Amino acid sequence: MVSVEEIRRAALKWALKNAFDHEGKAQVGPVVSKVIAEFPAAKSVVNQVVEAVKEAVSWVNSLDSQTIEASLSEIAPQLLTEAPKKAAERQLPDLPAAAEGAVVLRLPPEPSGYMHLGHAFHGIVNYLYRERYRGFLWLRFEDTNPRKVRLEYYDSYREGYKWCGVKWDAEKNNSDDMELYYDYARRLFEGGHLYVCNCSKEELSRQRAEGVACSHRSIDTSWHLEKWDAMLSGAMSEGEAVVRFAGDPLSQNTALRDPVLFRIVDHPHPLKGDRYIVWPTYDFAVAVQDAVCGVTHVLRTSEFMFRDALQDAIRERLGLKNPVYVEYSRFEFEGTPLSRRRIRELIERGVVGGWDDPRLGTVTAARRRGISPEALREFVKFYVALTPSRKIYSWELLYAINKRIIDPKTPRLFFTPNPRRIIIQGAGRRIVTAPLHPSVDMGSRPIEVGETVYIPGSDAERLKPGDRFRLKYFVNLRVMDMNGDGLICRAEEGGPEPGLQVIQWVPEGSARLRVLIPDQLFRGEGLNVESLRIVEGLVEPYESEIAEGAVVQFERFGYCVKDGPGRYIFTHR
RNA sequence: GCUCCGGUAGUAUAGCCCGGUCAAGUAUGCGGGCCUCUCGAGCCCGAGACCCGGGUUCAAAUCCCGGCCGGAGCACCA
């Protein structure tokens, strides 16, 4: 029990502290909270606390600030100095009902298009949990629609995940277990949980929309089994019959209104050829596979929310175990469409060059424009929440992390966009030694230079006769004269000076270079007309040593990736 | 339209379940400064948010109700 005296003392202490923090004026509410936080037992006598605090506050508020500080330093000097607030290391929240060593997760890509950043994030999230719980991660291709699936895309995912640093423990395809689906289907038919339906597509969707039961549902089991066999044997053609789940035609959740679980698809499968003609739909394949794989936690985006009940119902009728679901909103990036449908459309319209166009959010595009996989992983750890609220990430956040990661590994080079010539009077031919990095020891590159150099056009424009500036690591100059589109300068003695503008430069004979500067494809409503700018300029000779795919920092310009001979892609500032 | 689900600084998040150490923490971006032979990195300082309205309570970002706004689903796609 707390004594009245203790409450009084605490009230005074926290009133002083509160006044000290807020320009000499304490408030009753926060002080009461502080007192109760210190003495939780005082909750039962909250009226007394409030009285004590009111007294203390009105007393403290009548004091001048010096007296407040003096009194506080007497009663509780430790409160005078702000305790540093600890910045807790961010980590993903615990998985519900998860135990170390007993977590099985899965990555379920549909190989029908290239992998994008949303898939990458999802893969990383699963992988991080696999690590955290020392669990097991499946890579399982959801390839039960032969018409959509293509061979090249399987590899796109394997490579994409690998590049992201996501390791999986086992791999399989939903299409590997067709016989199993058929066996399970037969069992469900026998239990009256499945029925063959001959209705037209239109009729079927009418029934589902209006919540009416299909007449086929009440026919004898033997009839359904007969039809099922006919479907399997190829005696029926596409569209002639489907297999439906005997669910609840009246359910509020439309997914439960007798959905189609098997249909005939007369189209070869990239892996199975034309061995099968009856294919399970997503819900059936997933429901069975998640159980067969022993998946304990299904992490997925909330568009699948309405299917939980269906997939659980399928498993329950099969006597299989259900997983725990963690569902969250999709990951979006500002001005960057991620949906494969929209990307395909942009490619077809010629708005972008292809799946690896640097403006796109595909994994190949991100890779091509210099986003590092470590940055993606850090990003997921620090900025991604598995919540159902809408999130649109800004590229800045990713850039900031990427920059922190690549900066210490990135050599510096001189690149002069829209170059202007400078003739230097009074400097002979010499070799300038320039370090490859300002703080990390990466060695240096020699630059042979004579009386002619080039500097960026934007710098040249600002310079007038009489101005002074420095060519980095080289020489101080004074502008003497303008000469056509160039400048004539005189060399001066001395090194770098505080306040003296430092400019990067390249010697005569430097190679031409093109830098592609990708930006968001969309701004607000419409297309961003400047989504891909091209800057041309000269680059110092050392550039020839840079390997394709490597990142450099062009000083005072930004980080760029070598995309090909004479061609770079701008990563970010 | 019907059914669900959300809403904390410009952005992403912590806190919400279990009301009080929250007149709200962090990162990024922004403003200022320091440092630096880059407009990069690093360091320091600053401004910036609980969607709105009611209710419950001594006390609400947190619980309840209503509104507004946003998102998702309503395929023989996944």
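**Exercise 1. Find the bridge partner of Q553 in β28, and place that pair in its sheet.**

Step 1. Q553 has Y559 as its bridge partner in β28. The model is predicted: local features need pLDDT of at least 70, side-chain atom pairs count only at pLDDT 80 or more, and totals for chains, interfaces and linings use all residues, while side-chain values use heavy atoms, with hydrogens and water left out. Residues are numbered from 1 along each chain as its sequence is written, and chains are lettered from A and ligands numbered from 1 in the order in which they are written.

Step 2. Strand β27 (residues 551-554) and strand β28 (residues 558-564) run antiparallel and are joined by 4 bridges. Two strands pair if DSSP finds at least two bridges between them. Strands (E, at least two residues) and helices (H or I, at least four) are DSSP runs, numbered from the N terminus.

Step 3. An open sheet of 7 strands has the order β12-β27-β28-β29-β23-β26-β13, with mixed pairing. β12 (412-413) and β13 (415-417) stand at the edges with a single partner strand each, so one side of each has no neighbour in the sheet.

**Exercise 2. Describe how β20 is joined to β14 and to β19.**

Step 1. Strand β14 (residues 420-425) runs parallel to strand β20 (residues 486-492), with 4 bridges between them. I423 stands opposite I488 in β20.

Step 2. Strand β19 (residues 475-483) runs antiparallel to β20, and 7 bridges join the two. R478 has R490 as its bridge partner in β20.

Step 3. The hairpin of β19 and β20 has 2 residues between the strands, and G484 there takes a positive phi near 60°.

**Exercise 3. Characterise the protein surface near RNA strand B.**

Step 1. There are 63 residues around RNA strand B, of which R263, Y383, R556, Y559 and R573 come nearest. A residue is near a strand if one of its heavy atoms lies within 4 Å of it.

Step 2. This surface divides into 24 nonpolar, 14 polar and 25 charged residues. Ala, Val, Leu, Ile, Met, Phe, Trp, Tyr, Cys and Pro count as nonpolar, Asp, Glu, Lys and Arg as charged, and the others, Gly among them, as polar.

Step 3. Elements that each supply at least two residues include α2 (28-38), α8 (201-210) and β6 (260-264). The largest share, 6 residues, comes from α2.

Step 4. On the RNA side, 63% of the atoms of strand B within 4 Å of the protein belong to sugar or phosphate, and the rest to bases.

Step 5. Three polar contacts (pairs of N or O atoms within 3.5 Å) can be listed:
- A side-chain N or O atom of R412 lies 2.8 Å from a base oxygen of RNA strand B.
- A polar side-chain atom of N145 is 3.3 Å from a sugar or linking oxygen of RNA strand B.
- A polar backbone atom of K201 is 3.4 Å from a base nitrogen of RNA strand B.

**Exercise 4. Decide whether V278 is buried or exposed.**

Step 1. V278 is placed in strand β7 (residues 278-280).

Step 2. V278 counts as buried because its relative accessibility is 0%. Buried means under 20% relative accessible area, exposed over 50%, and partly exposed in between (1.4 Å probe, protein chains only).

Step 3. V278 and Y182 are 96 residues apart in sequence, and their C-alpha atoms are 9.1 Å apart in space.

Terms used
Polar contact = N/O pair within 3.5 Å; in protein donor to acceptor, adjacent residues only side chain to side chain.
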